[in-house]
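Hi,

Here is the structure I promised to pass on. Have a look at it first, and then read my notes underneath.

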There are 2 protein chains.
Amino acid sequence: MNTDELAVWRSLLDTTTELRRRLATQLADDSQLSPGDYAVLLALSEADGRRRSSELAASMDWERSRLSHHLGRMEKRGLIAREDCATDNRGAEVLMTEAGAAAFNAATLPHMRAIKRHFADALTPEQFDALSDALRSINQHLG
Amino acid sequence: MNTDELAVWRSLLDTTTELRRRLATQLADDSQLSPGDYAVLLALSEADGRRRSSELAASMDWERSRLSHHLGRMEKRGLIAREDCATDNRGAEVLMTEAGAAAFNAATLPHMRAIKRHFADALTPEQFDALSDALRSINQHLG
DNA sequence: ACAAGGTAATTGATACGTCAATAGCGAGCT
DNA sequence: AGCTCGCTATTGACGTATCAATTACCTTGT
């Protein structure tokens, strides 16, 4: 491993950390949602606002325990609700509340704009394609 | 914002999350250190094993409170120690213990190898340069 | 010298993530 | 039916990150 490789690795870590930080701040300012909250609501909205907890976890690639803890916090704030599953007495169905949907709707547009502003606008089309390509390679290598 | 931009953004988040996860697991397996522990010990080793707490925080770009909490945990495990500062009675000096140095030494080589294996080896030289370039642009845009 | 304001470090509260353990239900086998 | 095994979801414990508040000390201006 040479110096360049380490420097780019550090840059990748630092840059993504800072991007996450800014997006999180902006999200919280606009909608009082954390990135986790937003991810949950997004996954729910892609399932018409209602989904089995384990399916939700799978669709988000989250551990079930993590989701369970997070849902507990979101439930307390009235963003989601939980109901017993009709077809499987072990199961729970998660559903978005009105307040959850409202927060999600309020968050989405500014969030997309922030991604564009902080990330997409920083790159030329060529840089963007090259980044996409590099990420694809890393993912392939990981898989 | 178009679909591609969002997809690459998600890929950037997911990929770096997974890379961090693997590196963290590997670090813990080799040395019982968390990435935070390693970052602290690295910053300390670059200061000959001893440094004022606030300077350490500045060099790592960590909030002081974060470092303070982390040092408390590391002190309990015997990885670092704290002493009163001779020239400023408010201050604290942080120093690496024998055990801390041993853990750091045990961690470093495998950690570098893991970065090479999981990250650097995934990219061609061209991809690597392009990634470096894209990150530079994003950083510039952020700054 | 001394009051006022700034700085160093810590602390407490709260949110988040992971792991291991648990409770309860379903499904298949005998 | 009864048993075992696997799955669903939750929980508790612990480490980690951020924010606000706090303590103790330095520094500057008068």
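Below is what I found, going from the chain contact to the DNA and then to a few local details.

Bear in mind that this is a predicted model.

**Where the chains meet**

Chain A and chain B put 31 residues each into their contact. On the chain A side, α1, α5 and α6 each supply at least two residues. The largest share there is that of α6(A), with 13 residues. Sorted by class, this side of chain A has 18 nonpolar, nine polar and four charged residues.

The largest nonpolar core, with 24 residues, draws on both chains: A:Leu131, A:Ala134, A:Leu135, B:Leu131, B:Ala134 and B:Leu135 have the most contacts inside it. At least two core residues come from each of α1 (3-31), α5 (98-118) and α6 (125-142) of chain A, and the like-numbered helices of chain B, α1 (3-31), α5 (98-118) and α6 (125-142), also give at least two each. For a single residue to click on, try A:Ala134: leaving aside residues up to four places away in sequence, A:Ala134 touches B:Leu123, B:Gln127, B:Ala130 and B:Leu131.

**The DNA**

Which residues come nearest to DNA strand D? Out of the 27 around that strand, they are A:Ser54, A:Ser65, A:Gly91, B:Ser34 and B:Asn89. Two or more residues of this surface come from each of α3 (53-60) and α4 (64-76) of chain A and α2 (35-45) and α4 (64-76) of chain B. It is α4(A) that gives the most, six residues. The classes here are three nonpolar, 13 polar and eleven charged.

Now for DNA strand C, which also has 27 residues around it; A:Ser34, A:Asn89, B:Ser54, B:Ser65 and B:Gly91 come nearest. The elements with two or more residues on this surface are α2 (35-45) and α4 of chain A, plus α3 and α4 of chain B. Here α4(B) has the largest share, six residues. The surface near strand C divides into three nonpolar, 13 polar and eleven charged residues.

B:Ser34, one of the residues that come nearest to strand D, sits in the loop between α1 and α2 of chain B. Is B:Ser34 buried, exposed or partly exposed? There are 15 other C-beta atoms within 10 Å, so B:Ser34 is partly exposed. Its contacts, not counting residues up to four places away in sequence, are B:Ala24 and B:Ala28. B:Asp88 is 54 residues from B:Ser34 in sequence, and their C-alpha atoms are 31 Å apart.

**A helix pair in chain B**

Helices α2(B) and α3(B) (residues 53-60) pack at about 110°, with 10 Å between their axes. That angle falls in the 65 to 115 degree range, so the two helices, α2(B) and α3(B), are roughly perpendicular. The contact is made by B:Ala39, B:Ala43 and B:Leu44 from α2(B) and by B:Leu56, B:Ser59 and B:Met60 from α3(B). Five of these residues are nonpolar, one is polar and none is charged.

**Two backbone oddments in chain A**

A:Asp48 is a residue other than glycine with a positive phi, near 55°. You'll find A:Asp48 in the loop between α2 and β1 (50-52) of chain A. A:Asp48 counts as exposed because it has 9 C-beta neighbours inside 10 Å.

A:Asp61 has a positive phi as well, near 60°, and lies in the loop between α3 and α4 of chain A. With 11 C-beta neighbours inside 10 Å, A:Asp61 is also exposed.

Cheers

Methods. Residues are numbered from 1 along each chain as its sequence is written. Chains are lettered from A and ligands numbered from 1 in the order in which they are written. This is a predicted model: local features need pLDDT of at least 70, side-chain atom pairs count only at pLDDT 80 or more; totals for chains, interfaces and linings use all residues. A nonpolar core is a set of buried Ala, Val, Leu, Ile, Met, Phe, Trp, Tyr and Cys residues joined through C-beta atoms within 7 Å. A residue is buried if 20 or more other C-beta atoms lie within 10 Å of its own, exposed if 12 or fewer, and partly exposed in between; C-beta atoms are placed from the backbone. Helices (H or I, at least four residues) and strands (E, at least two) are DSSP runs, numbered from the N terminus. Two residues are in contact if their C-beta atoms, placed from the backbone, lie within 7 Å. A residue is near a molecule or strand if its C-beta atom, placed from the backbone, lies within 6 Å of it. Ala, Val, Leu, Ile, Met, Phe, Trp, Tyr, Cys and Pro count as nonpolar, Asp, Glu, Lys and Arg as charged, and the others, Gly among them, as polar. Axes are lines fitted to C-alpha atoms, for helices over the stretch in contact, and angles run from 0 to 180 degrees between N-to-C directions. Angles under 35 degrees count as roughly parallel, over 145 as roughly antiparallel, 65 to 115 as roughly perpendicular and the rest as oblique.
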